[in-house]
Amino acid sequence: MIKLSHPERDRNTELDKLYDDVFRLLGFSEEAKILLDEIRKEKARYFRDQLSLLKKQ
C-alpha cells in the first residue's frame, strides 16, 4: 500500500483552535461564521486543509 503524506499539513494544531484562529483573522463577523460553518459542512473531510489555506492567505 502507498501512503499519502502531506508534509505541509499541520497535524499538531487542534481543529477547534485552528477554526478560532481563522475566525479571528476574518474579524469575528457573522459572514465569516457562516462561511466557515458551510465549509465544515460541505468539505468536512478536508476542513483542516481549507482552514490552513485561509489562515495562510
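The legends below describe close-up views of a predicted model.

**Figure 1. Overall architecture of the predicted chain.** The chain contains three helices and zero strands. Read from the N terminus, its elements follow the order α-α-α. Helix H1 covers residues 15–25, helix H2 covers residues 30–42, and helix H3 covers residues 47–56. Of the 57 residues in the chain, 19% are buried.

**Figure 2. Confidence of the prediction.** The average pLDDT over the chain is 88, and 89% of the residues reach a score of at least 70. Where pLDDT is low, predicted coordinates should not be read in detail. Helix H2 has the highest confidence, with a mean of 96, while H3 has the lowest, with a mean of 93.

**Figure 3. The largest nonpolar core.** Nonpolar side chains in soluble globular proteins tend to be buried together. Which residues form the largest nonpolar core here? The core has nine residues, namely Leu18, Tyr19, Val22, Phe23, Ala32, Leu36, Ile39, Phe47 and Leu51. H1, H2 and H3 are the elements that each give two or more residues to this core. The largest share, four residues, is supplied by H1.

**Figure 4. A salt bridge within helix H1.** Side chains of opposite charge can pair when their charged atoms come close. The side chains of Lys17 and Asp21 form a salt bridge, with an N to O distance of 3.2 Å. Because Lys17 and Asp21 are four residues apart in helix H1, about one helical turn separates them. Are these two partners buried or exposed? Lys17 counts as partly exposed, at 48% relative accessibility, whereas Asp21 counts as buried, at 12%. The cut-off for a buried residue is under 20% relative accessible area.

**Figure 5. Two salt bridges within helix H2.** The side chains of Asp37 and Lys33 meet in a salt bridge with an N to O distance of 3.1 Å. Both residues belong to helix H2, where Asp37 and Lys33 are four residues apart, about one turn of the helix. Asp37 is partly exposed, with a relative accessibility of 31%, and Lys33 is also partly exposed, with a relative accessible area of 35%. A salt bridge also joins the side chains of Glu38 and Lys41, at 3.6 Å from N to O. Glu38 and Lys41 lie in helix H2 as well, three residues apart, about one turn of the helix. Glu38 counts as partly exposed at 36% relative accessibility, whereas Lys41 is exposed, with a relative accessible area of 57%.

**Figure 6. A network of salt bridges.** Lys17, Asp21 and Lys55 are joined into one network by salt bridges that share partners. How many salt bridges are counted in the model? The count comes to five. Among them is the pair of Lys17 and Asp21 in the preceding view of helix H1.

**Figure 7. The largest pocket.** Rolling a probe the size of a water molecule over the atoms shows where empty space is left. The largest pocket holds about 240 Å³ of space. Its lining consists of His6, Glu8, Arg9, Asp10, Thr13, Leu18, Asp49, Ser52, Leu53, Lys55 and Lys56. Which helix gives the largest share of this lining? Helix H3 does, with five residues. Sorted by class, the lining has six charged, three polar and two nonpolar residues. Leu18 is one of the residues lining the pocket, and Leu18 also belongs to the largest nonpolar core. Lys55, another lining residue, takes part in the salt-bridge network with Lys17 and Asp21.

**Figure 8. Phe28 in the loop between H1 and H2.** Phe28 is located in the loop that lies between H1 and H2. What is notable in the backbone here is phi of Phe28, near 55°, a positive value in a residue other than glycine. Phe28 counts as exposed, at 54% relative accessibility.

**Figure 9. Gln50 and Arg40.** Gln50 has its place in helix H3. At 31% relative accessibility, Gln50 is partly exposed. How far apart are the C-alpha atoms of Gln50 and Arg40? They are separated by 8.9 Å, and the two residues are ten residues apart along the chain.

Key: Residues are numbered from 1 along each chain as its sequence is written. This is a predicted model: local features need pLDDT of at least 70, side-chain atom pairs count only at pLDDT 80 or more; totals for chains, interfaces and linings use all residues. Side-chain values use heavy atoms; hydrogens and water are left out. On a 1 Å grid over the protein atoms alone, a cavity is a set of points where a 1.4 Å probe fits but cannot get out, and a pocket is an open set with protein on both sides within 12 Å along at least five of seven lines; lining residues have an atom within 4 Å of a point. Grid points are joined across faces, edges and corners, and a volume is the space filled by probe spheres set on the points. Ala, Val, Leu, Ile, Met, Phe, Trp, Tyr, Cys and Pro count as nonpolar, Asp, Glu, Lys and Arg as charged, and the others, Gly among them, as polar. pLDDT is the predictor's confidence in each residue, from 0 to 100. A salt bridge is a side-chain nitrogen of Lys or Arg within 4 Å of a carboxyl oxygen of Asp or Glu. Buried means under 20% relative accessible area, exposed over 50%, partly exposed in between (1.4 Å probe, protein chains only). A nonpolar core is a set of buried Ala, Val, Leu, Ile, Met, Phe, Trp, Tyr and Cys residues joined through side-chain atoms within 4.5 Å.
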